Amino acid sequence: MKLAAILLLALATGAQAEGRVLRVPTRPDVSTTVYWEPVPGATATVLLMAGGRGGFGGMEGGRPGSANFLIRSIPHFVAQGMNVAALGRPSDRPDLDPYHRLSPEHAQDIRAVVARIRQESGQKVWLVGTSRGTTSAASGAIAIQDGSVAGLVLSSSITSQRDSGSVPLLGLAAIRVPVLVIHHERDACRHTLAHEVSFVMDGLRNAPAKTTNLPKKPAS
């Protein structure tokens with residue numbers, strides 16, 4: 001639940017940024033940008049995946065300047081003693097649309113980025129996605145089965161089963177790491193409705209641990 005508390009923080013920490021942008025070779029003739037900010041003696045390492053068009057925006061004051069909720073939360077993760085990486089975009093694409101987030105190419109990019117981050121940190125990596133980024137994070141957890149992924153965090157998941165990036169339709173039974181699902185119970189977006197989070201939880205039948213902040217449905 002420590003990650004949940006960080007995601008729900010609303011105040012900036014003002015911590016001094018000490019990160020850098022990496023260009024990671026992920027496919028033949030393709031590299032993917034990654035913002036990387038290590039913390040001495042880190043307790044965990046997270047890879048943040050933004051929603052919308054993806055990426056982490058331009059650098060401002062030594063940190064990514066994206067307005068995305070998850071990218072804005074980088075100082076909070078750092079303040080809690082975590083290494084932080086933020087997934088950028090591959091060199092062969094201007095953005096990460098819903099269809100590309102489901103592609104084998106995207107999964108390969110994530111796999112290569114996780115390998116590089118694990119090399120940098122010496123730790124397994126938590127995949128953390130919000131909104132459209134939950135499609136990427138869940139797909140990454142499904143694709144990477146070599147022990148590099150420590151766990152998965154999904155914030156404002158794409159839950160609509162009519163959506164091309166629907167998390168419940170991703171074959172979640174393949175995920176065998178702990179999963180935390182965070183959602184606002186009054187989320188009004190038609191792609192991320194809270195009452196459909198149960199489809200995500202039901203699909204995670206092989207996760208060794210899974211929890212959500214939403215109240216359980218009463219037994220029928």
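The following exercises, each with a worked solution, concern a predicted model.

**Exercise 1. Tyr-35**

Determine where Tyr-35 lies, whether it is buried or exposed, and which backbone oxygen its side chain reaches.

Solution.
1. Locate the residue: Tyr-35 belongs to strand β2, which covers residues 30–37.
2. Classify its accessibility. Buried means under 20% relative accessible area. Tyr-35 has 0% and is therefore buried.
3. Examine the polar surroundings: the side chain of Tyr-35 comes to 3.4 Å from the backbone oxygen of Gly-62.
4. Examine a partner remote in sequence: Leu-87 is separated from Tyr-35 by 52 residues in sequence, while their C-alpha atoms are 6.8 Å apart in space.

**Exercise 2. Arg-101**

Establish which side chain of opposite charge is nearest to the buried Arg-101, and which side chain joins Arg-101 in a polar contact.

Solution.
1. Place the residue: Arg-101 is in the loop between β6 (82–90) and α4 (104–121).
2. Test for a salt bridge. The criterion is a side-chain nitrogen of Lys or Arg within 4 Å of a carboxyl oxygen of Asp or Glu. For Arg-101, the nearest side chain of opposite charge is that of Asp-97, at 7.2 Å, and Arg-101 has no salt bridge.
3. Search for a polar partner: the side chains of Arg-101 and Ser-136 form a polar contact of 2.7 Å.
4. Survey the wider environment. Leaving aside neighbours within four places in sequence, the contacts of Arg-101 include Gly-52, Arg-53, His-106, Arg-132, Thr-135 and Ser-139.

**Exercise 3. Positive phi angles**

State the phi of Asp-29, Ser-131 and Gly-122, and describe the setting of each.

Solution.
1. Recall the background: most residues other than glycine have a negative phi.
2. Consider Asp-29, which is not a glycine but has a positive phi of about 65°. Asp-29 is in the loop between β1 (20–27) and β2, and its relative accessible area of 82% makes it exposed.
3. Consider Ser-131, also not a glycine, with a positive phi of about 55°. Ser-131 occupies the loop between β7 (125–130) and α5 (132–143); at a relative accessible area of 27%, Ser-131 is partly exposed.
4. Consider Gly-122, which takes a positive phi of about 75° just after α4.

**Exercise 4. Helix α4**

Compare the span of α4 with the expected value, then identify which of its residues are buried and what covers them.

Solution.
1. Count the residues and take the span: α4 has 18 residues and extends 26 Å from its first C-alpha to its last.
2. Compare with the ideal: at 1.5 Å a residue, 26 Å is expected, and the span of α4 is close to that value.
3. List the buried positions: these are His-106, Ala-107, Asp-109, Ile-110, Ala-112, Val-113, Val-114 and Ile-117.
4. Identify the cover: the elements over the buried residues of α4 include β1, β2, β3 (44–49), β6, β7 and α5.

**Exercise 5. Nonpolar cores**

Find how many residues the largest nonpolar core has and which of them have the most contacts inside it.

Solution.
1. Recall the general tendency: in soluble globular proteins, nonpolar side chains tend to be buried together.
2. Take the largest core: it has 37 residues, and those with the most contacts inside it are Leu-47, Leu-127, Leu-152, Leu-172 and Ile-175.
3. Note the separate core: apart from the largest core lies another of 20 residues, including Tyr-35, Ala-50, Ile-71 and Ala-86.

**Exercise 6. Salt bridges**

Give the number of salt bridges in the model and analyse the pairs formed by Glu-120, Asp-95 and Asp-163.

Solution.
1. Apply the criterion: the count is eight salt bridges.
2. Analyse Glu-120, whose side chain forms a salt bridge with that of Arg-20 at 3.2 Å, N to O. This pair links helix α4 with strand β1, 100 residues apart. Glu-120 is partly exposed at 31%, and Arg-20 is partly exposed at 38%.
3. Analyse Asp-95, which pairs with Arg-53, the closest N and O atoms being 3.5 Å apart. Asp-95 is in the loop between β6 and α4 and Arg-53 in the loop between β3 and β4 (59–60), so the bridge ties together parts 42 residues apart in sequence.
4. Analyse Asp-163, which pairs with Arg-132, the closest N and O atoms being 2.7 Å apart. The bridge links the loop between β8 (149–155) and β9 (179–182) with helix α5, 31 residues apart. Asp-163 is buried at 10%, and Arg-132 is buried at 15%.
5. Identify shared partners: Arg-20, Arg-116 and Glu-120 are joined into one network of salt bridges.

Technical notes: Residues are numbered from 1 along each chain as its sequence is written. This is a predicted model: local features need pLDDT of at least 70, side-chain atom pairs count only at pLDDT 80 or more; totals for chains, interfaces and linings use all residues. Side-chain values use heavy atoms; hydrogens and water are left out. Helices (H or I, at least four residues) and strands (E, at least two) are DSSP runs, numbered from the N terminus. Buried means under 20% relative accessible area, exposed over 50%, partly exposed in between (1.4 Å probe, protein chains only). A polar contact is a pair of N or O atoms within 3.5 Å; within protein, one must be able to donate a hydrogen and the other to accept it, and residues adjacent in sequence count only if both atoms are side-chain atoms. Lys and Arg count as positive and Asp and Glu as negative; His and the chain ends are not counted. Contact means heavy atoms within 4.5 Å. A nonpolar core is a set of buried Ala, Val, Leu, Ile, Met, Phe, Trp, Tyr and Cys residues joined through side-chain atoms within 4.5 Å. The expected span of a helix is 1.5 Å times one less than its number of residues.
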